[in-house]
Amino acid sequence: MKMLTCSRLSSLFLGAFRKITRRWVLLFCIGCFSAHAQEPNQVQKQSESIKSPVKWLQTSELPAQAAGPDSAKEKPGVVSETVNWFRRTDLPTDLQIHGFASQAYITTSDNDVFGNSDKGGSFGLTESGLNASVRPLPRLLLSAQVLSRRAGEGNTGMPRLDFGFLDYRIYSHEANQFGVRVGRLKNPFGFYNDTRDVPFTRPSIMLPQSIYFDRVRNISLSGDSVQLYGETAVSGWGTVSTQFGVFLPIVSDKDTELALIGALQPGHLQRDVSYIGRGIFETNDKRLRLGVSGIWLNTSYDPNSKLNDAIGPGALQFSPVYFSAQYNAERWTLTSEYAIRHFKYNNDFNVKSLNGLDFFGESYYFQGEYRFTPKWVGILRYDALFTDRSDRDGSEFAKRTGGFAHSRFAKDITVGLRWNVTPQFMLRAEYHHVNGTGWLSRLDNPASEGPLSQHWDLYAVQASYRF
């Protein structure tokens, strides 16, 4: 089977994405129906089938197979057409294509999260993505994902390149490996940031917001980067994996500007060279995981002086350090992460509230997951955020600026339940009781709508499908 050129792979990938995006709701329903017709050991057979040219839905999963001999006379459905198209097309033997789609409903007692959630609820959180990877050479991997995410005012659902990179493995041995990745890469910090956009890989509908902020998701999720990575065995104890990268952060969205500058201005944030690194130790039995991550993020503000003389061309540094720990047992998992976040602004903003700011924020959470059965998983979490660790209750901030003290912290108690209906289809529900508004989006909660409530509740349900 001949290899595809890069241009042909790109056109096939984008063509498939446009087709699936138009009919993802129909695919969602068909996939749920077909999943119930699978044999109990279907997932294991699918993972062991290495002869299939693409890791895709198997023939036995299709509704036509479950309908009996007469179904051959019927017109093929969306899933059947897609699978047949890939079978007819000359594709590389190791091409993998996967995708996901999810829809959430969120309602809050006060304040808005991903839409007008405090006015009868909101279906404002919608996520879908399509990714592909191929290995044209034994040491070279190409991978990319297009993501559509609708999440309040900050994310409109416009498809964008989530990641796309080349991975070249320079050295590979049974116990050690070393390589380099180039392109738009996920920022490696904490346990969940690498895979946070796929609902199946998150422990809850909303990740702990003290560590994984959704309101500044773009700047923390990925960047245009060069990363070195390696993994080595540690004398029978386990493995150590490391990543280090030089990257340009993504700072072009309004939510990030509001969070860092405090107001929307005619100018824009600029992408300056930044650095990131992470190391994780994992025991051979996978029971214990320990990690440390660090970011040195640099950005500056171009005020567009022709339109704006209220703010100057200042620069800031954001340098958080994260400590992560996780213990896995047969039925339960305990996870905790702690972050100390340093903010430093120079004196060129010409704004009293920004010039010379130099403070440390603090965040942490404790989380427990319990697997009642392979299909049912419960979660309990306490999550705390303090914008300034020297002013935990925000009282000094309120005196200095006249703002609300509760905008400088948030304490969140979360209870949730996950139901793995099939390997492809998942349902979730969770409840949050929150004291504080420190991680709420300013775009979803503009000052014109009045003050925010300090004590509030959030209820959410989500349906997710993957292939």
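Which residues form a nonpolar patch on the surface? Select Tyr-327, Trp-332, Leu-334, Tyr-370, Phe-372, Trp-376, Leu-417 and Trp-419: together these residues have about 740 Å² of accessible area. Strand 14 and strand 17 (409–420) are the elements that give two or more residues to the nonpolar patch. Within the patch, Tyr-370 may be picked out in strand 15. Tyr-370 counts as partly exposed because its relative accessibility is 35%, and the range for that class runs from 20% to 50%.

**Confidence of the model**

The structure on display is a predicted model. Colour the protein chain by pLDDT: the average is 82, and 79% of the residues score at least 70. Next, select residues 1–75, where the pLDDT is below 50. Beyond near neighbours in sequence, this stretch has 102 contacts in the model.

**The nonpolar cores**

Proceed to the interior. The largest nonpolar core has 46 residues, and Ile-261 and Trp-439 are those with the most contacts inside it. To display the elements that give two or more residues to this core, select helix 7 (254–261) together with strand 2 (95–108), strand 11 (274–283), strand 12 (288–302), strand 13 (315–328), strand 14 (332–345), strand 15 (358–371) and strand 19 (455–466).

Now centre the view on Ile-261. Leaving aside neighbours within four places in sequence, Ile-261 is in contact with Leu-269, Tyr-301, Ile-311, Leu-316, Phe-349 and Leu-354. Apart from the largest core lies another, of nine residues; Leu-95, Ile-97, Ala-132 and Tyr-465 are among them.

**The salt bridges**

Side chains of opposite charge can pair when their charged atoms come close. In this model the count comes to 16 salt bridges.

Begin with Arg-202 and Glu-127, whose side chains meet in a salt bridge at 3.2 Å, N to O. Arg-202 is in the loop between strand 7 (176–186) and helix 6 (217–221), whereas Glu-127 is in strand 3 (residues 122–137); the pair links distant parts of the chain, 75 residues apart. Arg-202 counts as buried because its relative accessibility is 5%, and Glu-127 counts as buried because its value is 2%. Extend the selection to Arg-149, Arg-196 and Asp-214, which are linked with Glu-127 and Arg-202 in a network of salt bridges.

Move next to Asp-167 and Arg-181, where the side chains meet in a salt bridge at 2.9 Å, N to O. Asp-167 lies in strand 6 (residues 160–172) and Arg-181 in strand 7, so this pair ties together parts that are 14 residues apart in sequence. With 8% relative accessibility, Asp-167 counts as buried.

A further salt bridge joins the side chains of Arg-278 and Asp-194, at 2.8 Å, N to O. Here too distant parts of the chain are linked: Arg-278 is in strand 11, Asp-194 is in the loop between strand 7 and helix 6, and the two are 84 residues apart. Are these partners buried or partly exposed? Arg-278 is buried, with a relative accessible area of 11%, whereas Asp-194 counts as partly exposed at 23% relative accessibility.

**A loop residue**

Finally, select Thr-387, in the loop between strand 16 (376–386) and helix 8 (395–401). Thr-387 is buried, with a relative accessible area of 15%. Not counting residues up to four places away in sequence, Thr-387 touches Arg-341, Phe-359, Phe-360, Gly-361, Ser-407 and Arg-408.

Conventions: Residues are numbered from 1 along each chain as its sequence is written. This is a predicted model: local features need pLDDT of at least 70, side-chain atom pairs count only at pLDDT 80 or more; totals for chains, interfaces and linings use all residues. Side-chain values use heavy atoms; hydrogens and water are left out. pLDDT is the predictor's confidence in each residue, from 0 to 100. Contact means heavy atoms within 4.5 Å. A nonpolar core is a set of buried Ala, Val, Leu, Ile, Met, Phe, Trp, Tyr and Cys residues joined through side-chain atoms within 4.5 Å. Buried means under 20% relative accessible area, exposed over 50%, partly exposed in between (1.4 Å probe, protein chains only). Helices (H or I, at least four residues) and strands (E, at least two) are DSSP runs, numbered from the N terminus. Patches are made of residues with over 30% relative accessible area and no salt bridge: like charges are joined within 9 Å, nonpolar side chains (Val, Leu, Ile, Met, Phe, Trp, Tyr) within 5 Å. Accessible areas come from the Shrake-Rupley method with a 1.4 Å probe; for residues, only the protein chains shown count as cover. A salt bridge is a side-chain nitrogen of Lys or Arg within 4 Å of a carboxyl oxygen of Asp or Glu.
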